Amino acid sequence: MIDSLFLFLKKWIGSPENYGYLNASLRARSTSFLRSEQYASLARGGLRGVEAFLLESRYARAYRFELVSTETSSLKRLETALALGVAEELHFVRSLAQGEPAALLSVLLTRADLHNGRLLLRSFAVPRRDALLQPLWHEYGSMSGDLYHELWESASLLELCERCRAVVHPFAGAIGEAAAALARGHPLVLAERRFLLGILEALRSEMSSFTSSNGTRVREYLGRLIDLWNIGIWLRHHTGYEETPHQESEYVPEGYSLSPRRLVLARSLAEVVHGTTWRSWVRNIAETTPSEFQRALHGAFLQWQIGLMRKNPLGIEVAISYVARQITEWQNLNTIVVGAALGLSPEGIFERLIGIKN
């Protein structure tokens, strides 16, 4: 059965909220996140070191399941176990919440659906889709990994549209609309924009009941996410990757501090972020290639979320921070696993970790 985000949201409207219990639980669980010296030790220990760590960590159940259920490589086994472990943790965190925090947490966890939906759409924009391996779906969102697997099995964009129409969920509808745009020959950037707009429209409609400062904070989170998305489009245009005409209609409106008009007129990244909240982050990023820059900017966005932990002890900020710390730890462990598999030096791996300084 599909976990409908919107039935879930409606369930909690008017229900008692439990920020005190939830935030106390999250602060206690935060003590288990890895520290800098532990990351350094794992980077030195290679794949066997990570495997030994997982067997003694909160990822142990997921890793033991992978040990007995698959015969894949160590790399694949570790990546899958980490993904399952993170999904279990985030589902558990959502189960701790009631009322408003439960509903707002569900909105925050739609980051999984955004990730999965984009991967699905992009797979239909490559010349040899049959040569692609199915990605590891993020399993903590509103739609299940099994459903994304079913949509992935579509042989064509038209079949994907048909399968989406059969699913009673607004996110599936957003994927179907974007797939239809691709089928009509629209460029990928416009299809992805349609997908994001579909999801945002559904979230904003359902969040209209949450007028508290917590609802405002989650809207700020969504606005910053839109900014990040739009900066990615701007970078693709200004590095020659995007061949379509540069126009406002490519950008997603209602970002936190970057309007489509500003983005189209900006001739440099400095002009894009001038006078905005992004300026200090961009100034501190040394990476020069577009992919490295976007990765660094994504890391900065996670750091902003993590920094909210002490802003409001009885607000949604604690949950925003906790989820970001979990996602950051996941990405850092994946970086260590892939780096070790590629034979990178411990120092080379360590410097690629998010939010970790020597």
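This is a short walk through a predicted model of a protein chain, from its overall build down to a few single residues.

**The whole chain**

Let's start with the big picture. The protein chain has 18 helices and 0 strands. Its radius of gyration is 20 Å, close to the 21 Å that the globule rule gives for 358 residues, so the chain is as compact as a globular protein of that length. If you draw a box around the C-alpha atoms along the principal axes, it comes out at roughly 50 × 50 × 45 Å.

How much of the chain is buried? Of the 358 residues, 52% count as buried. Now take the contacts in the chain with a separation of 6 or more: residues 24 or more positions apart account for 66% of them.

**The largest pocket**

Next, have a look at the largest pocket, which holds about 1800 Å³ of space. It is lined by 45 residues, and the closest to its centre are His 115, Arg 118, Leu 119, Arg 122 and His 298. Which elements give two or more residues to this lining? They are helix H5 (74-96), helix H7 (111-123), helix H11 (188-207), helix H12 (213-238), helix H16 (290-306) and helix H17 (317-342). By residue type, the lining of the largest pocket divides into 23 nonpolar, 12 polar and 10 charged residues.

**Two cysteines**

A search of the whole structure for disulfides finds 0. Cys 161 is in no disulfide, and the cysteine sulfur nearest to it, that of Cys 164, is 6.8 Å away. Why does this pair not count as a disulfide? Because a disulfide needs two cysteine sulfur atoms within 2.5 Å, and here the distance is 6.8 Å. Seen from the other side, Cys 164 is in no disulfide either, with the sulfur of Cys 161 as its nearest cysteine sulfur.

Are these cysteines buried or exposed? Cys 161 counts as buried because its relative accessibility is 5%, and Cys 164 is buried too, with a relative accessible area of 3%.

**A few residues up close**

Here are four more residues to find in the model, with where they sit and how accessible they are.

| Residue | Place | Relative accessible area | State |
|---|---|---|---|
| Val 282 | helix H15 (residues 279-283) | 13% | buried |
| His 238 | helix H12 | 38% | partly exposed |
| Glu 254 | loop between H12 and helix H13 (260-265) | 56% | exposed |
| Leu 133 | loop between H7 and helix H8 (145-152) | 77% | exposed |

Take Val 282 to begin with. Since buried means under 20% relative accessible area, Val 282 counts as buried at 13%. What does Val 282 touch, not counting residues up to four places away in sequence? Val 282 touches Leu 269, Val 273, Phe 293 and Leu 297. Val 282 and Ala 296 are 14 residues apart in sequence, and their C-alpha atoms are 8.8 Å apart in space.

His 238 is in helix H12, one of the helices that give two or more residues to the lining of the largest pocket. Leaving aside neighbours within four places in sequence, His 238 is in contact with His 246, Ala 266 and Arg 267. Leu 269 is 31 residues from His 238 along the chain, and 9.3 Å separates their C-alpha atoms. You've met Leu 269 already: Val 282 touches it.

Glu 254 sits in the loop between H12 and helix H13. Its backbone is worth a glance: although Glu 254 is not a glycine, it has a positive phi of about 65°. With a relative accessible area of 56%, Glu 254 is exposed.

Finally, there is Leu 133, found in the loop between H7 and helix H8. Leu 133 counts as exposed because its relative accessibility is 77%. Its C-alpha lies 9.7 Å from that of Ser 123, and the two are 10 residues apart in sequence.

Methods: Residues are numbered from 1 along each chain as its sequence is written. This is a predicted model: local features need pLDDT of at least 70, side-chain atom pairs count only at pLDDT 80 or more; totals for chains, interfaces and linings use all residues. Side-chain values use heavy atoms; hydrogens and water are left out. Buried means under 20% relative accessible area, exposed over 50%, partly exposed in between (1.4 Å probe, protein chains only). On a 1 Å grid over the protein atoms alone, a cavity is a set of points where a 1.4 Å probe fits but cannot get out, and a pocket is an open set with protein on both sides within 12 Å along at least five of seven lines; lining residues have an atom within 4 Å of a point. Grid points are joined across faces, edges and corners, and a volume is the space filled by probe spheres set on the points. Helices (H or I, at least four residues) and strands (E, at least two) are DSSP runs, numbered from the N terminus. Ala, Val, Leu, Ile, Met, Phe, Trp, Tyr, Cys and Pro count as nonpolar, Asp, Glu, Lys and Arg as charged, and the others, Gly among them, as polar. The radius of gyration is taken over C-alpha atoms; the globule rule is 2.2 Å times the number of residues to the power 0.38. Contact means heavy atoms within 4.5 Å.
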